[in-house]
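Please examine the sequence and the three-dimensional model shown below. The paragraphs that follow lead through its charged pairs, its helices and its interior.

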Amino acid sequence: MDTELEVVNLKSGNNIVFKEIKDKFSNNLEIIYGIGVSLYANHVITEKSNSWEFSSFCTDPVKLFNLSDIIDKRPANPSEVTIFNKLFDNKKLDKADKEYLKNNYGKEI
């Protein structure tokens, strides 16, 4: 499933690696419909804990975003393809995947 995967950066600050499913109705409304994974690594610090939350699931086919919400769009790189494919297959991310997410999509919340 690694062909045609793209990554978008949205106005909301979200980053999504996705495979578009062409849908005439959605396309006419400038909506991207498909299967996607939100790319994130959130560093959560509280008084009692210090942990990371990572991308953890792949959507079923859904409305992912509007074309007007896109800031940047590019082909997915090999690390993003690997993350997408693992989550699509309901597999857990490994240490290298999580490190990639921390380095490229990490945020403190």
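**Charged pairs, helix faces and cores**

A network of salt bridges links K86, D94 and D97. The model that shows this network is a predicted one. Within the network, the closest N and O atoms of D94 and K86 are 2.9 Å apart. D94 is partly exposed, because its relative accessible area is 35%. D94 also has a second role in the geometry of the chain: it caps the N-terminal end of α3, with a side-chain oxygen 3.1 Å from the backbone nitrogen of A96.

The helix capped in this way has two distinct faces. On the one hand, D97, Y100, L101 and Y105 of α3 are buried. These residues lie on the same side of α3, because they cover an arc of only 100° around the axis. In general, an α-helix has 3.6 residues a turn, so residues three or four places apart point the same way. On the other hand, the face of α3 turned away from the buried side carries K95, A96 and N103, which are exposed. D97 thus belongs both to the salt-bridge network and to the buried residues of α3.

The helix may now be placed in the chain as a whole. The chain contains 3 helices and 8 strands. Read from the N terminus, these elements follow the order β-β-α-β-β-β-β-β-α-α-β. The chain has a radius of gyration of 14 Å, which agrees with the value near 13 Å for a compact globule, because the chain has 109 residues. Along the principal axes, the C-alpha atoms fill a box of roughly 50 × 25 × 20 Å. Of the 109 residues, 38% are buried.

Which residues have the most contacts inside the largest nonpolar core? They are V17, V37, L39, I83, F84 and L101, in a core of 18 residues. Two or more residues of this core come from each of the elements β3 (31–38), α2 (78–88) and α3 (95–105). The largest share, 4 residues, is given by α2. Another core lies apart from this one and has 8 residues, including L10, I16, I32 and L64. In soluble globular proteins, nonpolar side chains tend to be buried together. L101 connects this part of the description with the preceding one: it is among the buried residues of α3, and L101 is also one of the residues with the most contacts in the largest core.

Aromatic rings form a further set of contacts, with 4 aromatic pairs in the structure. One of the pairs consists of F18 and F65, which is edge-to-face because the ring planes stand at 85°, with the ring centres 5.2 Å apart. This pair links distant parts of the chain, since F18 is in strand β2 (residues 15–20) and F65 in strand β6 (residues 62–66), 47 residues apart. Both F18 and F65 are buried.

Salt bridges number 5 in the structure. In addition to the network described above, K73 forms a salt bridge with E6, and the closest N and O atoms are 3.7 Å apart. This pair also joins distant parts of the chain: K73 lies in strand β7 (residues 70–75) and E6 in strand β1 (residues 6–10), 67 residues apart. K73 counts as partly exposed, because its relative accessibility is 39%. E6 is likewise partly exposed, with a relative accessible area of 23%. A further salt bridge joins E20 and K22, whose closest N and O atoms are 3.5 Å apart. Are these two residues buried or exposed? E20 counts as buried because its relative accessibility is 18%, under the cut-off of 20%. K22 is exposed, with a relative accessible area of 66%.

Two loop residues complete the account. Most residues other than glycine have a negative phi. E30, however, has a positive phi, near 60°. E30 is located in the loop between α1 (24–28) and β3, and it counts as partly exposed because its relative accessibility is 48%. N90 likewise has a positive phi, near 60°. N90 is located in the loop between α2 and α3, and it counts as exposed because its relative accessibility is 73%.

Key:
Residues numbered from 1 in each chain as written. Predicted model: local features only at pLDDT ≥ 70, side-chain atom pairs only at ≥ 80, totals over all residues. Heavy atoms only, no water. Core = buried A, V, L, I, M, F, W, Y, C linked by side-chain atoms within 4.5 Å. Buried < 20%, exposed > 50% of the residue type's maximum accessible area, 1.4 Å probe, protein only. Phe/Tyr/Trp six-rings, centres within 6.5 Å; stacked < 30°, edge-to-face > 60°. Salt bridge = Lys/Arg side-chain N within 4 Å of Asp/Glu carboxyl O. Arc of directions from axis to C-beta. Polar contact = N/O pair within 3.5 Å; in protein donor to acceptor, adjacent residues only side chain to side chain. Rg over C-alpha atoms; globule rule 2.2 N^0.38 Å.
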